[in-house]
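Here are my notes on the model, point by point. Please read them with the structure open.

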Amino acid sequence: VKALKVLEILSGLAVGGIFIYAAWSKILDPGEFSGLIGAYKLFPRWSLNLIAITLPWVEMVAGVMMVTGIFRRPASLAVLALCVGFLFSLGWAMHHGYDISCGCFGGETEHKVGWSDIIRDLLLIAGCLFCLFAPKKRRALV
Amino acid sequence: MKKTILLALLISIIPSLMGLAFNAVNPGGIPLIPPPPPEKDRIVDFQQMVFIVSNDQLTVVDARRHQDYDEGHIPGAFSMPEDDFERLYAEFNAWVHESERIVVYCQGGDCESSINLAWKLKGRGYADIMHYTGGFHEWEEAGQEIEYGPWEPPFEDAPLIQVDLGLMNTMMAEGAIAIDLRDPVSFEAGHIRGAVNIPAGYSGDPAEALGDEVYSDTDLLLYGEAEDWDAAGELANVLRSIGFTGAHFYPGGYQEWEAAGEEIETGGAS
């Protein structure tokens, strides 16, 4: 159980850390992020800015919670939902053969969406599932 | 489990509200609903753009990121990315009058940043904004001339922004000061109402000639007899170098002004 607990904390640190990093550049440049979402041609134009304004903040707060362990379980669930959404979007873009950048970490990555993004997303999902279903401890988290 | 789901929902909703609040106060914030794409009659096509640029006709503004701008842009374009708008606006505003026609562009395709930029500029009173929707991509593909490097303030050899007779009147009503480049004798014989005389080759300190009523961002309307481009360009550079950023040029000059029956004054410096 102790080893599992350590693994849970490590997954939280990894997934949460990645989410905080990903959220940061998007928060700094919402206009660019809006354009990146638009390139997926998945959401109507009117909703793009709303997503670009709110999504990075959910990523940031949920990421911080996963790292610190405050409400890690519900935060993992929120992140899991996001990752499933990302997986669908990535699949959509690859299925249509769009030559677009992932936008996962804002605008600085140039490469086109591909399997590496899918694999990273699946790893994140695994981390979330682990945090979500790791055995509960009865005492308060540190 | 129910509690977990409820908390997860809260973890989604509360930060979303934080994001909305942050966007409202963030100077680099974006509109909640994207501004509509430009109307057909607001679009500049490739041929028109080539003409505009080769004749240095209008102020062109690049809405892409600084990094993209540095790697190549349409010659003479002003760099104004969305996320740096607030910092650059003052300089832009000193250089370009609100009533002037502006052309904005971004990468091309479905790029949105020029639409957002136009929306921001509209909010500051720039009403006449055109969109070159082909964007930098089309410009580059067509093998048109490209300029590299960062935006440089127009201190030297900057294109002088032209104003016509109508704009002269508008700007003067808003507090712009006319500056007469002709010799003192012609000036005394008659000059544009309220003008200050700074003859070509003036050896004194232009700041002194302008007096205390002129601020660094006051719009200055340089004119000579007619079409005195060189004299105006020279003085504009001197003025910019000492911090006066609002120099414009009225190519019609005193000839056109007088012929149009606009208000003139005679006599020496008031």
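1. A word on element names before the points that use them. Helices (H or I, at least four residues) and strands (E, at least two) are DSSP runs, and they are numbered from the N terminus. In those terms, F71(A) lies in the loop between α3 and α4 of chain A. Keep in mind throughout that this is a predicted model.

2. Stay with F71(A) for its backbone. F71(A) is not a glycine, yet its phi is positive, about 50°. Is F71(A) buried, partly exposed or exposed? F71(A) counts as partly exposed, because its relative accessibility is 44% and the class in between runs from 20% to 50%.

3. K41(A) also deserves a look. K41(A) has a positive phi of about 50° and is not a glycine either. K41(A) sits in the loop between α2 and α3 of chain A.

4. Next, the disulfides. How many does a search of the whole structure find? The search gives 2 over all chains. One of them joins C102(A) and C104(A), with the sulfur atoms 1.4 Å apart. A pair counts as a disulfide when the sulfur atoms are within 2.5 Å. C102(A) counts as buried, at 5% relative accessibility.

5. The disulfide in chain B links C106(B) and C111(B), and its sulfur atoms are 1.9 Å apart. The link of C106(B) and C111(B) is right-handed, with 85° about the S-S bond. Its two ends fall in separate accessibility classes: C106(B) is buried at 2%, whereas C111(B) is partly exposed at 23%. The cut-off for buried is under 20% relative accessible area, so C111(B) at 23% does not qualify.

6. Now cysteines without a partner. C83(A) is in no disulfide. The nearest cysteine sulfur to C83(A) belongs to C128(A), 4.8 Å away. C83(A) is buried, with a relative accessible area of 0%.

7. Why is C131(A) not bonded to C128(A)? The closest cysteine sulfur to that of C131(A) is in C128(A), 6.8 Å away, which is too far for a bond. C131(A) counts as buried, because its relative accessibility is 1%.

8. On to the interface. In chain A, 27 residues are in contact with 28 residues of chain B. The two chains bury about 2,400 Å² between them, and 71% of that is on carbon and sulfur atoms. Which three residues supply more of the area that chain A buries against chain B than any other three? They are R45(A), I53(A) and W57(A), with 27% of that area.

9. Polar links across the interface come next. There are 2 salt bridges between chain A and chain B. One of these pairs the side chains of R45(A) and E112(B), at 2.9 Å from N to O. R45(A) is also among the three residues with the top share of the area chain A buries against chain B. The count of residue pairs in polar contact between the chains is 4, with both residues at pLDDT 80 or more.

10. Which elements build the side of chain A that touches chain B? At least two residues each come from α2 (30-38), α3 (45-68) and α4 (72-95) of chain A. The largest share, 12 residues, comes from α3(A). By class, this side of chain A has 17 nonpolar, 5 polar and 5 charged residues.

Conventions. Residues are numbered from 1 along each chain as its sequence is written. Chains are lettered from A and ligands numbered from 1 in the order in which they are written. This is a predicted model: local features need pLDDT of at least 70, side-chain atom pairs count only at pLDDT 80 or more; totals for chains, interfaces and linings use all residues. Side-chain values use heavy atoms; hydrogens and water are left out. Buried means under 20% relative accessible area, exposed over 50%, partly exposed in between (1.4 Å probe, protein chains only). Contact means heavy atoms within 4.5 Å. Buried area is the accessible area (1.4 Å probe) that two parts lose on being put together, summed over both. A salt bridge is a side-chain nitrogen of Lys or Arg within 4 Å of a carboxyl oxygen of Asp or Glu. A polar contact is a pair of N or O atoms within 3.5 Å; within protein, one must be able to donate a hydrogen and the other to accept it, and residues adjacent in sequence count only if both atoms are side-chain atoms. Ala, Val, Leu, Ile, Met, Phe, Trp, Tyr, Cys and Pro count as nonpolar, Asp, Glu, Lys and Arg as charged, and the others, Gly among them, as polar.
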